[in-house]
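The report that follows reads a protein model from its central sheet outwards. It begins with a strand and its neighbours, and it ends with the overall dimensions and two unusual backbone positions.

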Amino acid sequence: MFKPELFNSLKNYSLKQFGSDVSAGLIVGIVALPLAIAFAIASGVAPEQGLYTAIIAGFIISFLGGSKVQIGGPTGAFVVIVFTVIQDYGLSGLYVATIMAGIMLVFMGVFKLGILVKYIPYTIITGFTAGIAVTILTTQIGDFFGLVTGPMPGDFVGKITTYIKSFDTINFYAMGVALVSFALILIWPKISRKIPGSLVVIVVVTVLVKLLNLPVDTIGSRYGAIPTSLPMPKFPEISFEMIQSLISPALSIAILAAIESLLSAVVADGMIGAKHDSNMELVGLGIANMVVPLFGGIPSTGAIARTATNVKNGGRTPVAGIVHAITLLLVMLIFGRFAVYIPLATLAAILVSVAINMAGIPAIKLLCKGQKSDITVLTVTFLLTIFVDLTMAIEVGLVCAAFFFIKKMIDLSVIREFHSSVNNGDSLTKEKNELIHNIPEGIFVFEIDGPLFFGTAQKFEVATSRLGIDYKVLVLRLQNMSYLDAGGLHVLEQLYDTCKSRNITLLISEIRIQPYILLLKSKLLDKIGKDNLPGSMQETLERGKEIIAQGKKEE
């Protein structure tokens, strides 16, 4: 049953907790204000669209989501996708793609696919997060240095080329404002952690720029006035052809929203000792993304930094997230007209700091000390995120990760053979030596360590191809074979047929549950005969002796 966490949290709600939630919600609302504006501008939309998203999506995600403390809104992860979709399909295309993504997210939640998102490898998440951070960084170079670039291309190489060509237009006042803003962001946490540094930077630097009348671009000079009310909902123009062309961008938005939101929820669970409902979270997130575009908003998801801020300031129920949304609404209604004075260089400095924190440099350093396969997946995902797009990065990253996983499983699987004439060297364990000593003449034992699946089937075929006709009984010892798939089953069927044609009896020893069920369903067990699955290795060898003795009598 799908039940938003808000209704669970209100069952034993207290006035004390309400006070903590309101306090946390107010602080997070203030923290979210500059970020909502900055992410909107970086994405290529008007500043107010970031505010609309933070207010509406923030409210819906807290009201209908499956996490106690999740804070929703626009995030840096969407900058690349939003910017590209707007360039290719316009604002109307972005709204339609976001609604489609919302529908996908709802279906993901309804069909309980929330758990699957958690299985995306850490190397892929680290790679595309770092790639997104680099892309955000490149979108802010122009405003950081006050460059006059004209329309910016969507691709990474095009942006860098444009910046190089226009670097002679650098505005040293804008660069100075950006550097001062960035320095203040770095220094402020050493002064106070209660008041968000991004808010302090915006207030202090905006006042200084206004008092000194510095010639730098501001929100007002580029985008005009900020509305002081929410717009009326309006459904975007839509057509079947548009839906077809937007399936890939919508899927990218849905996947990214799901990954970031559920990762944020997992982090929050660890901080408060709770457990979120991943499927309810996807449903709430999906509804938020279906509604936000009707008000001119952009894609939204759970925001890790804002969620952590909420937790650290005492937020423990979705009420805090609702208060955060109301706070943003009141700030926009009352103080929205002052936002026009905020320098774009200051917002660029804020986003540069966000990108640096988002890059996950310590995690990348740690991964680079590990296996070559992890480094390869990380690098491929990182480069594809920057130079192609996020969807391709995730798809190729998953394929690479799967390939390396299969290879690792193949390398770890071992096929051993034992019979009475094998050389029991020092490399064998005591248990293996005892096994060899107990194998009667005429019995050949294969021991499989690891899964027998399509990747290891060929290794098994090569091992069994050496089987001669001097052995009357072939034993498969499967105590360490935990998994069998269709490919492995096919190899076992071929082995059975080979044994039958050579008048060799196939015995299976110490089989585990999953392989046993598959043998049963495939009817191969009926061919082998249940009598030929004795159980323990000792019982199997006794069964082998009986078969050999019976064969000698018949001769």
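## Strand 5 and its surroundings

Strand 5 is covered on both of its faces, with V473, V475 and R477 buried on one side and L474 and L476 buried on the other. In this predicted model, five of the five residues of strand 5 (residues 473-477) are buried, so the strand is largely enclosed by the rest of the structure. The division into two sets follows a general pattern, since in a regular strand the side chains alternate between the two faces of the sheet.

Which strands pair with strand 5, and in what sense? Strand 4 (residues 443-449) pairs with strand 5 in the parallel sense over five bridges, and strand 6 (residues 505-509) likewise pairs with strand 5 in the parallel sense over five bridges. Individual residue pairs, given in the table, show how the strands are set against one another.

| Residue in strand 5 | Residue opposite | Strand of the opposite residue |
|---|---|---|
| R477 | E447 | strand 4 (residues 443-449) |
| V475 | V445 | strand 4 (residues 443-449) |
| L474 | L506 | strand 6 (residues 505-509) |

Between strand 5 and strand 6 the chain passes through helix 23 (residues 486-501), and the resulting β-α-β crossover is right-handed.

These pairings belong to an open sheet of four strands, whose order is 3-4-5-6 and whose pairing is mixed. Strand 3 and strand 6 form the edges of the sheet, each pairing on one side only, and the twist from one strand to the next averages 20°. Helix 23 packs on this sheet, where it touches strand 5 and strand 6, and the direction of the helix makes about 165° with that of strand 5.

## Helix 22 against the sheet

Helix 22 (residues 457-464) has four residues listed as buried, namely A457, F460, A463 and T464. Seen down the helix axis, these buried residues fall within an arc of 125°, so they line one face of helix 22. Such a grouping is in keeping with helical geometry, because an α-helix has 3.6 residues a turn and residues three or four places apart point the same way. The buried residues of helix 22 pack against strand 3 (414-418), strand 4 and strand 5, and also against helix 23.

## The protein as a whole

The secondary structure of the protein comes to 26 helices and six strands. Along its principal axes the C-alpha trace spans about 110 × 60 × 55 Å, and the radius of gyration is 31 Å, where a compact globule of 555 residues would have a value near 24 Å. Buried residues make up 52% of the 555 residues. Among the contacts with a separation of 6 or more, 83% are between residues 24 or more positions apart.

## Two lysines with positive phi

Most residues other than glycine have a negative phi, and two lysines depart from this pattern. K112, which has a positive phi of about 55°, is placed in the loop between helix 4 (79-110) and helix 5 (114-117), and its relative accessible area of 53% makes K112 exposed. K523 has a positive phi of about 70° and lies in the loop between helix 24 (513-521) and helix 25 (524-528); K523 is also exposed, with a relative accessible area of 52%.

Terms used: Residues numbered from 1 in each chain as written. Predicted model: local features only at pLDDT ≥ 70, side-chain atom pairs only at ≥ 80, totals over all residues. Heavy atoms only, no water. Buried < 20%, exposed > 50% of the residue type's maximum accessible area, 1.4 Å probe, protein only. Helix = DSSP H or I, 4+ residues; strand = E, 2+ residues; numbered from the N terminus. Pairing = 2+ DSSP bridges. Right-handed = clockwise from strand over helix to strand, strands pointing away. Arc of directions from axis to C-beta. Contact = heavy atoms within 4.5 Å. Axes fitted to C-alpha atoms, helices over the stretch in contact; angles between N-to-C directions. Rg over C-alpha atoms; globule rule 2.2 N^0.38 Å.
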